[in-house]
Amino acid sequence: MSEGALPKDDAVLRVDDLQKSFGGLAATDHATFAVERGTITGLIGPNGAGKSTLFNLISGFYEPDGGTVEVNGTDVTGMEPYQVADHGLIRTFQTPRKLEGMTVREAMLVGPRNQPGESFLRLFASPGSVGESESANLADAERILEEFEIDHLAAQPATDISGGQMKLVELARAMLAEPEVLLLDEPVAGVNPTLAKKLKSQIRRLNEQGTTFLLIEHDMEFVMDLADPIVVLDQGHVLTEGTPDGVRSDDRVIDAYLGGGA
Amino acid sequence: MSALTDPKGAIAELTRPEGWVLGVSVAFLLFLLAALLTGALGPTYFLFLVGLAGMYALLSFGLNAQWGFTGLINFSVAAFFGIGAYGSALMTASGSPIAGGYNPLVGLVVALVVALVLALLIGIPTLRLRADYLAIASLGLAEVMRLIVLNERWLTNGSAGVRGIPGFFKGWPVLSTFPETMPGIRLEVIPGSPVILETAFWRASLNVLLVLAFAGAVYFVLRRAHRSPWGRVLRTIRSDEDLARALGKDTYSFKMQSFVLGSLIMALAGVFYTHLNLYVGPGDLDPITTFYAWVAVILGGSGSNRGALFGGIVIVTIREGTRFLNDVALPIDPAPLRLLLIGIVIVAVMRYRPQGILPPQRELIWPSAVDGGGAPETPDSGVRERKGGGGDE
């Protein structure tokens, strides 16, 4: 899709000199990189490289010790997660989150941001507008479930579907939040190959429709096939960044993964 | 009994446990009716029991709005109940050590405002933290409130309690003099055991009217809220707060709304109690009230408004039903028996039906969207009933 060497002046997400330590351990060590609009950017690195910490910093779940995070040109550093989400950055989690007692359809409807019906007073002051938006959201949810080919699950309890299906539902729900940039934390971990292929084609389709992705993934084949550019993280800092082929042949990356040279 | 407040719920749509509850409730009502007609149960006392059941239902509704909807652990049900009770008692009673003598509507407003302020004071520091902190703080609050009521005599009369509380409808047109103007009625359905309806009966029927109005309004509000996107965010927070935050929901604000709403409903239960009992004392703030409300919500099914209503009625049945055992020679006293029975009920529910008797079962989507939108016409029932509903590959 894009060549990794492009100047990043159209960055939807910009991470600058981000730092976070737990005790004496620098989990994120002056990390700097940008995610260009329209890309599927991969974030890889050996276990403990600080990928999930970085996700938590970007999405507002952790407060950084230093550095800044910009979404769509707005400095979101230190904001609450819901505020970061309001600026268009939505994230998923490594282990699918279970919504007890909800059907898949209900779980989907949590996705849309700032629904009129989320205001308690409006439930009584203008129930009509609540109904309208709920109808529209319901139609959107069913359409997206169809596009994901999981509409047959709509009435299933959200906790009774397989792990892979949960990942699909999570991605589908995130789309209802209309993200500018979507952070996926290991979208195919523990997912069987058929569903993984399905997830890959969905991510590609959504990307072609305009959603920017930043994804953490351990499955090298998956990430190398899907993402470009790829950012390599090691011990909390950005080791290198480039096309899949460039990263694959980089000696420093091989060293980091094999533990050599440390 | 739940069917009374839910006239739309068609019998055909009932799930099996709902059918059971309906059947048992109807049988229980018939039993009560028989007891009334034979004179075994005084009609005035019966109405008092109905009022009490309504009060417990209100308390359960309040806790359900906090724990059932959002997963907030509030151990200060008795404190908010006490604020409602004392707030209105101190404003309206002739024996009030402070103001006193105001219209009960003023008492209602004052009680709710005080409960609102207190809920905010407790909520602000604790709701940003993990669930455990609210539990601990609320436990402390309950005890602080009880001790304040017991010791601050200039404000509350201390252990003597507050007397001289008027009925809620004092000063209202028609309703304030209604019990006195009604004639005594003598019914003799079964020959030889007449039932006489006097002023006390009509006074009690006013109380029932009041609690029905309170509980009906609260039920209407909670039902609508539960099926709304607002309620859906609360349920998301209950399952996974981080997920709600990641999807752009200001969870602190939602938790605060849920906490305040629940606390106001509990205070409302207290206001009603004041005008039902016409006396309030520090004993009304004992932790047992909190305990009863929790049992009612868990028994009925956390998150379910109908369940809370059902749980409240069961609590009153156990609490008051055991009084009749005084007549029967029993080796143990009714008071400990009451606790024993409730203990057995909890153990049985946890063992055989941990989700409660009437858990929320239907898809909770805003009604007009389901009726008019593309969703199936009959919402899927029994979401929680099914285990491993198939469809997994």
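This tour moves through a predicted model of two chains, one selection at a time.

Residues are numbered from 1 along each chain as its sequence is written, while chains are lettered from A and ligands numbered from 1 in the order in which they are written. Because the model is predicted, local features need pLDDT of at least 70 and side-chain atom pairs count only at pLDDT 80 or more, whereas totals for chains, interfaces and linings use all residues.

**Stop 1: the domains of chain A**

Begin with chain A, which is divided into domain 1 (11-97 + 178-258) and domain 2 (99-158), with bounds that come from an automatic or database domain assignment. The C-alpha centres of these two domains of chain A lie 28 Å apart.

**Stop 2: the six-stranded sheet**

Within chain A, select the open sheet of six strands, which has the order β6-β7-β8-β3-β9-β10 and mixed pairing; here two strands pair if DSSP finds at least two bridges between them, and helices (H or I, at least four residues) and strands (E, at least two) are DSSP runs numbered from the N terminus. The edge strands are β6 and β10 (237-242) of chain A, each of which pairs on one side only. Neighbouring strands of this sheet are turned by 20° against each other on average, direction ignored, where axes are lines fitted to C-alpha atoms, for helices over the stretch in contact, and angles run from 0 to 180 degrees between N-to-C directions.

Now colour β7(A), residues 181-185, separately: is this strand mostly covered or uncovered? Strand β7(A) is mostly covered, with five of its five residues buried, a residue being buried if 20 or more other C-beta atoms lie within 10 Å of its own, exposed if 12 or fewer, and partly exposed in between, with C-beta atoms placed from the backbone. In a regular strand the side chains alternate between the two faces of the sheet. In β7(A), A:V181, A:L183 and A:D185 are buried on one side, and A:L182 and A:L184 are buried on the other.

The neighbours of β7(A) can be followed through their bridges. β6(A) and β7(A) pair in the parallel sense over three bridges, and the partner of A:R91 in β7(A) is A:L183. β7(A) also pairs in the parallel sense with β8(A), residues 212-216, over five bridges; in β8(A), A:F213 is the bridge partner of A:L182 and A:L214 is that of A:L183. If you add helix α7(A), residues 193-208, you see that β7(A), α7(A) and β8(A) make a right-handed β-α-β unit, meaning that, with the strands pointing away from the viewer, the path from the first strand over the helix to the second runs clockwise.

**Stop 3: helix α1(A) and the four-stranded sheet**

Next, select the four strands of chain A that form an open, antiparallel sheet in the order β2-β1-β4-β5, with β2 (25-36) and β5 of chain A as the edge strands. Strand β1(A), residues 11-22, and β2(A) pair in the antiparallel sense over eight bridges, and A:L18 stands opposite A:A31 in β2(A).

Add α1(A), and you find that this helix lies across β1, β2 and β4 (66-71) of chain A, running at about 65° to β2(A); contact between two residues means that their C-beta atoms, placed from the backbone, lie within 7 Å.

**Stop 4: A:E80**

A:E80 is found in the loop between β5 (74-75) and α2 of chain A. A:E80 is partly exposed, because 17 other C-beta atoms lie within 10 Å. The C-alpha atoms of A:E80 and A:R204, 124 residues apart along the chain, are separated by 30 Å.

**Stop 5: where the chains touch**

Show both chains together: how many residues does each chain give to the contact? Chain A gives 42 residues and chain B gives 40. On the chain A side, the elements that give two or more residues are α2 (81-86), β6 (89-91), α3 (104-109), α4 (120-125) and α5 (127-147). The most comes from α5(A), with seven residues.

**Stop 6: two helices and a loop in chain B**

Finally, in chain B, select α3(B), residues 77-92, and α5(B), residues 131-151, whose axes come within 8 Å and cross at roughly 35°. Their contact is made by B:A78, B:A79, B:G82 and B:Y86 of α3(B) and by B:L141, B:A142, B:M145 and B:V149 of α5(B).

End at B:N103, in the loop between α3 and α4 (104-126) of chain B, which is partly exposed, with 15 other C-beta atoms within 10 Å.
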